[in-house]
Amino acid sequence: MHKTIIEPFRIKSVEPLRRTTPEERRALLEHAGYNLFSIASESILIDLLTDSGTAAMSTEQWAAMMRGDESYAGSPSFARFKAAVQGIFGFRHVIPTHQGRAAEHILFTVMCRKGSIVPNNTHFDTTRANCEFRGAEAVDLPIPEAREPSLVHPFKGNMDAERLAALLEREGRERVPLVMLTITNNSGGGQPVSMANIRAVKEICAKHSIPLYVDACRFAENAYFIKLREPGYADKTPREIAREIFSYADGCTMSAKKDGLANIGGFLGTNDDLIAQQEKDLLILTEGFPTYGGLAGRDLEAIAVGLNEALDEDYLNYRIASTAYLAEHISREGVPIMQPPGGHAVYIDARAFLPHIPPAQFPGVALAAALYVEGGIRSVEIGTLMFGEHAAMDLVRLAIPRRVYTQSHIDYVVEVILEVWRRRGEIRGLEITYQAPFLRHFTARFRPHSV
Ligand code: F0G
């Protein structure tokens, strides 16, 4: 075996990157009120805002798209999509949606009512919002290790099984219509959940006859971490591991924009006939007929191929290695990051990076702005701007789009981060000049703090 892990693809179609100067970027940033969401993507050199919907599709996916059958009802594209999903996930009912949050909305509308409680290792923000929109309470039960950025643990995404057991003992199935596990745990740093934890959570749920649903966005990356880190799984394929994961689940929500390697799409899976019927009824009202659910036939085809490609071992090896490569090359120079690095992203600890900037002056936003001015890199703050003054951490997420950037792009990102690290003392805090009443991080505007 050679030790260099190469990109397991070659490039057939390229998209040029547009360069800008630091002066141009400074002006663009000021005009955007220091909010990178407001900068046009043509003025971004390396876009690490999200790994969602940003994957490069394969020749097989593009070829499959030509087979897309756009019939309103009964399209063979849906049959291929359903077969691909069932081949991995195994659920009796597969309900397509335009993206993950639409699946969440339908799931909670059907399964929850006012006063319900939904435990999760950590709800992603759209999951929490959809749960609360229904009047239910979203409860996060991560293991205590998850809250310490520098602590290394192989499965930092695990749910605290004892706290779950106590909660279910106390509230029972009258209050708790379902339990969820998010794999990998995005809000907790892209950390995986172990098979042992999934099994333990399932056992606790089964004792109370409560169904277990998996937020499966990054299921392939989670399966690969299990292969690498959990005893007994080294010789299993990611597909076998994924099948075992979902054998413990009663249903799932999925955003195909992540491990579906597609640019749009999602689905809801369940083994419950009654729930599925209610979900399909609601789907017709909000998304579309159950054989397309808000997607074009060609989207269903791209997802059918993408789900299988995401389980390819060469691909997963390169994927996890390239994220770890970025993490290692900055952390060995002292840049504080969430340890160990997750599958889809590296999270910089902005409070530790910029100790001279108090949380009230948005160290994460200031750091993301500095990375943009220095090298045209777009990242996203996950901290005081996103969660208000209750944010436990100020992180800057560098999410890696799938199959999009090469190692030299990542080397460039390392170089830019290290340059900003050397000059961190010059970075100043920010103050808000405009904010929306909710989800303010998308549109807030800033200026440099006056003192
Ligand atoms: N669940 C998780 C764990 C997610 O990371 C996301 C999206 C969703 C659900 C919602 O899926 O976007 O298709 O509606 N995460 C993206 C991100 C937006 O940047 O992490 P969606």
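The following legends describe an overall view and several close-up views of a predicted protein model.

**Figure 1. Overall fold of the predicted model.** The secondary structure of the protein consists of 16 helices and 14 strands. With a radius of gyration of 22 Å, close to the 22 Å given by the globule rule for 451 residues, the protein is as compact as a globular protein of that length. The C-alpha trace extends over about 60 × 55 × 45 Å along its principal axes. Of the 451 residues, 58% are buried. Among contacts between residues at least 6 apart in sequence, 72% connect residues at least 24 apart.

**Figure 2. Surface and charges of the protein.** The exposed area of the protein is about 19300 Å², and carbon and sulfur atoms contribute 53% of it. The protein carries 49 positive and 55 negative charges, whose mean positions lie 1 Å apart. Across the whole structure, 24 salt bridges are found; Figures 3 to 5 present some of them.

**Figure 3. Salt bridge between Asp51 and Arg218.** The side chains of these two residues form a salt bridge with an N to O distance of 2.9 Å. Asp51 is located in the loop between strand S1 (46–47) and helix H2 (59–66), and Arg218 in the loop between strand S6 (212–215) and helix H8 (219–229), so the pair ties together parts that are 167 residues apart in sequence. Both Asp51 and Arg218 are buried.

**Figure 4. Salt bridge between Glu221 and Arg402.** Here the side chains of Glu221 and Arg402 meet at 3.1 Å, N to O. The pair links distant parts of the chain, 181 residues apart: Glu221 belongs to helix H8, whereas Arg402 occupies the loop between strand S12 (395–399) and helix H16 (407–422). Glu221 and Arg402 are both buried.

**Figure 5. Salt bridge within helix H16, and a salt-bridge network.** Glu419 and Arg422 form a salt bridge in which the closest N and O atoms are 3.2 Å apart. Both residues lie in helix H16, separated by 3 residues, about one turn of the helix. Glu419 has 24% relative accessibility and therefore counts as partly exposed, while Arg422, at 57%, counts as exposed. Elsewhere, salt bridges with shared partners join Asp51, Arg218, Glu221, Asp259, Arg319 and Arg402 into one network. This network includes the pairs of Figure 3 and Figure 4.

**Figure 6. Cis peptide bonds at Thr184 and Pro340.** The peptide bond from Ile183 to Thr184 is cis, with omega near -20°. Thr184 is part of the loop between strand S5 (179–182) and helix H7 (195–207). A cis peptide bond also leads from Gln339 to Pro340, with omega near -15°. Pro340 is situated in the loop between helix H12 (313–331) and strand S9 (345–349).

**Figure 7. Positive phi angles at Leu261 and Arg403.** Although Leu261 is not a glycine, its phi is positive, at about 50°. This residue is placed in the loop between strand S7 (251–255) and strand S8 (266–270). Its relative accessibility is 0%, so Leu261 counts as buried. Arg403, likewise not a glycine, has a positive phi of about 65°. The loop between S12 and H16 contains Arg403, and this is the loop in which Arg402 of Figure 4 lies. With a relative accessibility of 13%, Arg403 counts as buried.

Methods. Residues numbered from 1 in each chain as written. Predicted model: local features only at pLDDT ≥ 70, side-chain atom pairs only at ≥ 80, totals over all residues. Heavy atoms only, no water. Helix = DSSP H or I, 4+ residues; strand = E, 2+ residues; numbered from the N terminus. Rg over C-alpha atoms; globule rule 2.2 N^0.38 Å. Buried < 20%, exposed > 50% of the residue type's maximum accessible area, 1.4 Å probe, protein only. Contact = heavy atoms within 4.5 Å. Areas by Shrake-Rupley, 256 points an atom, 1.4 Å probe, with all protein chains shown as cover. Lys, Arg positive; Asp, Glu negative; His and termini not counted. Charge placed at Lys NZ, Arg CZ, Asp CG, Glu CD.
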